[in-house]
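I opened my notebook today with two things to look up: the surroundings of the ligand, and any empty space closed off inside the protein. Here is what I am looking at.

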Amino acid sequence: MTTADRKPRVFSGIQPTSDSFHLGNYLGALRQWVAMQDTADALYCVVDQHAITVDHDPKVLHQRSRASAAQLLALGLDPERCTLFIQSQVPEHAMLAWILGTETGFGEASRMTQFKDKSAKQERTTVGLFTYPVLMAADILVYQTDQVPVGEDQRQHLELSRDLAGRFNGTYGDTFIVPEPYIVKETATIKDLAEPEKKMSKSSTSPRGCLYLLDEPNLMRKKIKSAVTDSGGEVRYDMDAKPGVSNLLNIYAALGETTVGKLEAEYAGKGYGDFKGDLADVVADALGPIAAKTREYLADKAELDRILTAGAEKARHLAARTIAKAYKRIGFYPPVAL
Ligand code: TYM
């Protein structure tokens, strides 16, 4: 199989598990999603089937899937330049997940660190949570994906996807492209603002630790200004000795379209106060408009549904081709047409 004759295929997904995405999602993944629309044949997916692997309320899940799609459009995904859809509308993902599950070792799946972390937090751990990374591999492989833009926390899952593709190809003949992770080093892990030794996540223990894209601009400013910085007043990058300031430098460089080196020079001799005040403005200016745009997309339900249905149809078309191939390889009858 060759990729030389086509644009690289890009696929990525995000879970609709909160009302708003956060700055870690944005800098670690979503910003790359927007940029890659122009360089790749890109598919982006709201992975609601992954979201039911932990406790959920059906009504809330439905609203959050819609709100997630609206935020992605507000961030700059353009349905003319990428394929945006909801995972459960494309049954081929689950069809391939079943096959890949039979190729996955029990020990191999048991080594997934996210499963260990998540199952430790749940009262009830399900088989669905255990096989989560297999469904993720199916998401990726069903589109013959070349590159997967994600944050660092997804690296191990990507490794599993690569192993499964290689193993299947080795056993049954060339079927899947082996995907590459696309992880931007500087923003691979955005840290919690209150506890900079942890990654930013919606389960932050501090109300100021996680900055949401739909926060009011004033709240964004407050969260940045109250971010934990380190002892010594110097604005200098050192992830080990100064994780708080270094995290803020990474955020500033990414949102302010500059570099950490330039920022260090600019703030030499100035204190944390000046630095955080300026960063608060950069963050509020960059992310402030997203909430209003999201509301606009949510206000036109028919249009949003149209975009998502069209996206799912396009995605299914591609996914069905891989399913036909994989079914044949494995010895199945082809799915019947409706
Ligand atoms: P999810 O929904 O947890 O996160 C979406 C994306 O945001 C990135 N991310 C971060 N990046 C940097 N710093 C952070 N603090 C941070 N927090 C989150 C994640 O790495 C991710 O890229 N399993 C996936 C969803 C998924 C998927 C897929 C991704 C399902 N199928 C196929 C890629 C391809 C997840 O839970 O992401």
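Before listing contacts, I note that a polar contact here is a pair of N or O atoms within 3.5 Å. I also keep in mind that this is a predicted model.

**Entry: the ligand's polar contacts.** I started with Gln 15, where a polar backbone atom is 2.9 Å from an oxygen atom of the ligand. Next I looked at Tyr 132, which places a polar side-chain atom 2.7 Å from a ligand nitrogen atom. At Met 200 the backbone takes part again, with a polar atom 3.0 Å from a nitrogen atom of the ligand. I then checked the cover: of the 710 Å² of accessible area that the ligand has on its own, the protein covers 95%.

**Entry: the shell.** I found 27 residues around the ligand, and Tyr 132, Asp 139, Gly 151, Asp 153 and Ile 190 come nearest. By class, I get 12 nonpolar, 12 polar and 3 charged residues in this shell. Strand 1 (9-14), helix 1 (23-36) and helix 8 each supply at least two of the shell residues.

**Entry: closed-off space.** How many cavities of 30 Å³ or more does the whole structure hold? My search finds 1, with a volume of about 40 Å³. I listed its lining as Gln 114, Phe 115, Lys 118, Leu 129, Tyr 132, Pro 133 and His 157. Helix 6 (113-121) and helix 8 (132-141) are the elements that give two or more residues to this lining, and helix 6 has the largest share, with 3 residues. By class, I noted 4 nonpolar, 2 polar and 1 charged residues there.

**Cross-check.** Tyr 132 turns up in both searches: Tyr 132 lines the cavity and is among the residues that come nearest to the ligand.

Notes: Residues numbered from 1 in each chain as written. Predicted model: local features only at pLDDT ≥ 70, side-chain atom pairs only at ≥ 80, totals over all residues. Heavy atoms only, no water. 1 Å grid on protein atoms, 1.4 Å probe; cavity = no way out; pocket = protein on both sides within 12 Å on 5 of 7 lines; lining within 4 Å. Points joined across faces, edges and corners; volume = space filled by probe spheres on them. Helix = DSSP H or I, 4+ residues; strand = E, 2+ residues; numbered from the N terminus. Nonpolar A, V, L, I, M, F, W, Y, C, P; charged D, E, K, R; others polar. Near = heavy atom within 4 Å. Polar contact = N/O pair within 3.5 Å; in protein donor to acceptor, adjacent residues only side chain to side chain. Areas by Shrake-Rupley, 256 points an atom, 1.4 Å probe, with all protein chains shown as cover.
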